[in-house]
Amino acid sequence: MAPSRYLTAATIFRGKISSREAEVCLPPRPSFGALLIMMFPGRVAGVCPWIPDNVSVSLVSVPPVGQTQSATALSNSTAIQEVFKRTAESFSSMFKRKAFLHWYTGEGMDIMEFSEAESNTQDLIAEYQQYQEASADDDEEQEAFEDEEAEQ
C-alpha cells in the first residue's frame, strides 16, 4: 500500500476555549504534513500541496450537553480508497453470483442500478488514486494548458 495523502482536515472545538488555546493545540500549518508523517511513518505522504487552506479550525462557544469542552477532528485522506477497493471487490463477487439480489429487486430496484453503483465506485477509486499520485507541478501544468486553450 502506497503512503496516503491528506487532502483536507478540519478541527472543531466546542465550549469555552479561546482562539489562542486552539492554536496551541494544533501545529502551525507548514508543519502539519511533517506532524502527520511522524504520527504515521510509512503510511502518510503528507498534505496536498495544491489545495490552499486545506486545514481549518472552528470554534463554537456552546459546549456539548454534559461536558465543558470537546474537540473533533475530521479529515479526507486518499487512504479511504483501500476501503472502497475491498468493498467493490466484495460487491463484485456477490453481484456476479446474484447473491441477495432478490431482496433488492423485490423492493423495486433495477439490476442496472447495481451496475451503475459499481461503476461509480470504480470511478471514485480512480479519482482518489489520481489525487494520491498527483503533485503540485501537475496542477500547474493543467492550469497552463487550460489558459492556452482559453486564448485560442
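# Tyrosine 104 and its surroundings

User: What is tyrosine 104 in contact with, leaving aside its neighbours within four places in sequence?
Analyst: Once those neighbours within four places are set aside, tyrosine 104 is in contact with Met109 and Phe114. Please keep in mind that this is a predicted model.

User: Where is tyrosine 104 placed, and is it buried or exposed, or something in between?
Analyst: Tyrosine 104 is placed in helix H4, and it is partly exposed, with a relative accessible area of 44%. Phenylalanine 114, in contrast, is buried, with a relative accessible area of 9%.

User: OK, and how many aromatic pairs does the structure hold?
Analyst: The structure holds five aromatic pairs. Tyrosine 104 and phenylalanine 114 form one that is edge-to-face, with 5.8 Å centre to centre and 75° between the planes. Tyrosine 104 lies in helix H4 and phenylalanine 114 in helix H5, so this pair ties together parts that are 10 residues apart in sequence.

User: How far apart are tyrosine 104 and phenylalanine 114 in space, C-alpha to C-alpha?
Analyst: From C-alpha to C-alpha the two residues are 9.8 Å apart in space, while in sequence they are 10 residues apart.

User: Which residues form the aromatic cluster?
Analyst: Phe91, Phe95, Tyr104 and Phe114 form one aromatic cluster. Of the residues just named, Phe95 is among those buried in H3, and Phe114 is among those buried in H5.

User: Let's look at H3, then. What does it span, and which of its residues are buried?
Analyst: Helix H3 covers residues 80–97, that is 18 residues, and reaches 26 Å from its first C-alpha to its last, which is close to the 26 Å expected at 1.5 Å a residue. Its buried residues are Gln81, Ala88, Ser92 and Phe95. Seen down the axis of H3, these buried residues fall within an arc of 70°, so they line one face of the helix.

User: What do the buried residues of H3 pack against, and what is on the other side?
Analyst: The buried residues of H3 pack against helix H4 (101–105) and helix H5 (111–133), whereas Arg86, Glu89 and Arg97 are exposed on the other side of H3.

User: Same sort of thing for H5: what should it span, and which residues are buried?
Analyst: The 23 residues of H5 should span 33 Å at 1.5 Å a residue, and its end C-alpha atoms are 34 Å apart, which agrees. Phe114, Ile125, Tyr128 and Gln132 are buried in H5, and the buried residues of this helix pack against E1, E4, H3 and H4.

User: Changing topic to the backbone: what is phi for lysine 98 and phenylalanine 100?
Analyst: Lysine 98 has a positive phi of about 60° although it is not a glycine, and phenylalanine 100, also a residue other than glycine, has a positive phi near 65°. Most residues other than glycine have a negative phi.

User: Where do lysine 98 and phenylalanine 100 lie?
Analyst: Lysine 98 lies in the loop between H3 and H4, just after H3, and phenylalanine 100 is likewise placed in the loop between H3 and H4.

User: Now the strands. How does E1 pair with E4 and with E3?
Analyst: Strand E1 (residues 4–15) pairs with strand E4 (residues 69–77) in the antiparallel sense over nine bridges, and in that pairing the bridge partner of tyrosine 6 is serine 77 in E4. With strand E3 (residues 55–60), E1 pairs in the parallel sense over six bridges, and there arginine 14 stands opposite valine 60 in E3.

User: And the chain overall, what order do the elements run in, and how much is buried?
Analyst: The secondary structure comes to six helices and four strands, and from the N terminus on the elements run β-α-α-β-β-β-α-α-α-α. Of the 152 residues of the chain, 20% count as buried. The chain exposes about 10900 Å², of which carbon and sulfur atoms supply 56%.

User: What share of the contacts with a separation of 6 or more comes from residues 24 or more positions apart?
Analyst: Residues 24 or more positions apart account for 81% of those contacts in the chain.

How values were computed. Residues are numbered from 1 along each chain as its sequence is written. This is a predicted model: local features need pLDDT of at least 70, side-chain atom pairs count only at pLDDT 80 or more; totals for chains, interfaces and linings use all residues. Side-chain values use heavy atoms; hydrogens and water are left out. Helices (H or I, at least four residues) and strands (E, at least two) are DSSP runs, numbered from the N terminus. Buried means under 20% relative accessible area, exposed over 50%, partly exposed in between (1.4 Å probe, protein chains only). Contact means heavy atoms within 4.5 Å. Accessible areas come from the Shrake-Rupley method with a 1.4 Å probe; for residues, only the protein chains shown count as cover. Two strands pair if DSSP finds at least two bridges between them. The expected span of a helix is 1.5 Å times one less than its number of residues. The arc is that of the directions from the helix axis to the C-beta atoms. Rings of Phe, Tyr and Trp (its six-membered ring) pair if their centres lie within 6.5 Å; planes under 30 degrees apart count as stacked, over 60 as edge-to-face and the rest as tilted.
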